Amino acid sequence: MLVVSNLDLTIDSSVVKPSTFLGSTIKEATLNINNEYRYLKTGYYVSLHAEVLGNKVIPSCENIIDSSRTPVLLLRAARAGIPTLPFLVTDSVKKIATEMGFPAVLFAVNPFIYEGFKTAHNKSALYRAMKSLGMNYKFAVCAQPLKGEMVTFKSFFGKCESQDIASQNISRKLYEAFNIPVCKLHIQKTPDEAFLCGLEPINKQELTDQDLKTISKEVMLFSEQGDTLVVQNRLFC
Amino acid sequence: MSKIACFVEKYNFSDPTEQAALQNFKQAAEKLGQEFQFLFREDISDIPKFDAVFIRATTDPLNAAYVVSKTAWELGLKVIDDPESITICGNKIHQYALLEKYNVPRIPTIFLNKDELHHKKIKGIFEQLGKPVVLKAPYTSFSKYVEKTACESSFREVAKRFFKKSDVLAVQKFTPTAFDWRIGVLNNDILYACKYMIPKGKWKHGAKLRGKATFTWGRTVALKRETVPSRLREVALKACSVVGKGLYGVDLKEVDGDFVVVEINDNPSIYAGYEDQKDKDIYARIISYLSA
Ligand SMILES: Nc1ncnc2c1ncn2[C@@H]1O[C@H](COP(=O)(O)OP(=O)(O)OP(=O)(O)O)[C@@H](O)[C@H]1O
């Protein structure tokens, strides 16, 4: 198994830099470890290059794109049995106010904003949130009801730093469904439940030495399992 | 009866010929006994109420149109453009890599990574492709991010600009022609054929910003689909087969008596009086495909 990474992993086997891999035609199952799997960024092109070469790769381009489009993430997550809340995709303040009510948590659905969310407890806050996330009401947003408290944590290979079992389950199941090895999750916590709300990349500066150790350990575990990269085959019709 | 949602944005109605084409789709659908409704961004969450989705808003993996497409696809609806076609056609690196993999005749192309923007690489590119070369940002459409350069300093300037959004870009041999062939393909079959004439003194067929009333396009000359030269037909269909089975507009150039693919577009423009000049049934064919 080939490990391609832009991170300083501490593992015995060799790690190929993304630029080296992009200029190569290495035909081997590929594990792509990057802090940022954003569409059009190097992390994406590594998976694309691997797919075009016919390599099995984690994560797949499809999963990279889908996990960063909040409505698609939520739809596919819900179908994989991950707790989510009903959501609306719209650019209409009125629609959110009447069909969903308050408080609400909002994620951007546009080509420019890929991190963060806003919460709104009343109509004027909703206007403000939609103005900024919709970039002056030019784009749609994804709105979900806010029933509890928003928490954000890093997730590596489906394992998260949260002590909460419900959150751990979300992290693990989400990894099974989307195979994003390194990411940040936004989860809503109520006293006895947890709901997935969003996923975003991690800034390189946010990764501590401990995080890099954890990721390295997971990569080692992964390669020890042999070259049996389990990649879900999601065929388009 | 099939309920078809046509996902549009306001700008789809700003050009009267595009607006007329959209009405033609609606009429064709009603004539065939299907329901056809325009779906705007406000009502994206209504997708589950439909049987099929036809996207006319500009597609890109980062646009709302992708969310519409993937949602429809996940729910088992018929959808044009399907998410995979959007993903492949929306990124020039992706589609050129596939054209290369499957040996589809194409314009000589080199990919450039962000950290390769140095003298040796640029010199090598000019040696390999000659001067000038054409730089393309992977996400370009409407010729917006396609530029010609003949020296290292302007190469660097353009590349730096394109690298702001994408870490890889495409460099091509400059291959000017008097017109681009535009072959419309639906479900592995030729739907329409036209020549997009390139205005005198220019090298791109059009520079248009969607939603803006003023733009300059070269003329469009349509041909009856039966009269498409067989080699052109073959190359166009082969190009689409590496993407999928949906609706595409393939741009090709005739070079030295053969055809090379410039690009495959999902979401091809269909304007009344242009692409439909010779084959009036394109509306009904697309509707039938969606409601089959
Ligand atoms: N290598 C090339 N040499 C000469 N002309 C080119 C080359 N590549 C593209 N062109 C011309 O530039 C125009 C735009 O190119 P292309 O289709 O690749 O970009 P685009 O932004 O996707 O445009 P559109 O959406 O209008 O098709 C076309 O008229 C095409 O013929």
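Here are three short exercises with worked solutions on the predicted model above.

A few ground rules: residues count from 1 along each chain as its sequence is written, chains are lettered from A and ligands numbered from 1 in the order written. In this predicted model, local features need pLDDT of at least 70, side-chain atom pairs count only at pLDDT 80 or more, and totals for chains, interfaces and linings use all residues, while side-chain values use heavy atoms, with hydrogens and water left out.

**Exercise 1. Find the largest cavity and say what lines it.**

Step 1: Get the term straight. A cavity is a set of points on a 1 Å grid over the protein atoms alone where a 1.4 Å probe fits but cannot get out, and lining residues have an atom within 4 Å of a point.

Step 2: Search the whole structure, and 1 cavity of 30 Å³ or more turns up. The largest cavity holds about 50 Å³, a volume being the space filled by probe spheres set on the points.

Step 3: Look at the lining, which includes Ser155(A), Leu174(A), Tyr175(A), Phe178(A) and Leu199(A). Two elements of chain A, α7 (165-178) and β11 (182-190), give two or more residues each. The largest share, 4 residues, is from α7(A). Helices (H or I, at least four residues) and strands (E, at least two) are DSSP runs numbered from the N terminus.

Step 4: Sort by class: 7 nonpolar, 3 polar and no charged residues. Gly counts as polar here, and Tyr and Cys as nonpolar.

**Exercise 2. Work out which atoms of chain B hold polar contacts to the ligand.**

Step 1: Use the cut-off, a pair of N or O atoms within 3.5 Å.

Step 2: Start with side chains. Asp180(B) has a polar side-chain atom 2.6 Å from a ligand oxygen, and a side-chain N or O atom of Lys92(B) sits 2.8 Å from a ligand oxygen.

Step 3: Add the backbone: an N or O atom of His205(B) there lies 2.9 Å from an oxygen of the ligand. On its own the ligand exposes 600 Å², and the protein buries 98% of that (Shrake-Rupley areas, 1.4 Å probe).

**Exercise 3. Describe the shell around the ligand.**

Step 1: Count 23 surrounding residues, with Lys136(B), Thr140(B), Thr175(B), Asp180(B) and Glu263(B) the closest; each has a heavy atom within 4 Å of the ligand.

Step 2: Split them into 8 nonpolar, 7 polar and 8 charged.

Step 3: Map them. β15(B) gives the most, 3 residues, and domain 2 (108-173) and domain 3 (176-266) of chain B each supply at least three.

Notes:
1 Å grid on protein atoms, 1.4 Å probe; cavity = no way out; pocket = protein on both sides within 12 Å on 5 of 7 lines; lining within 4 Å. Polar contact = N/O pair within 3.5 Å; in protein donor to acceptor, adjacent residues only side chain to side chain. Domains from an automatic or database assignment.
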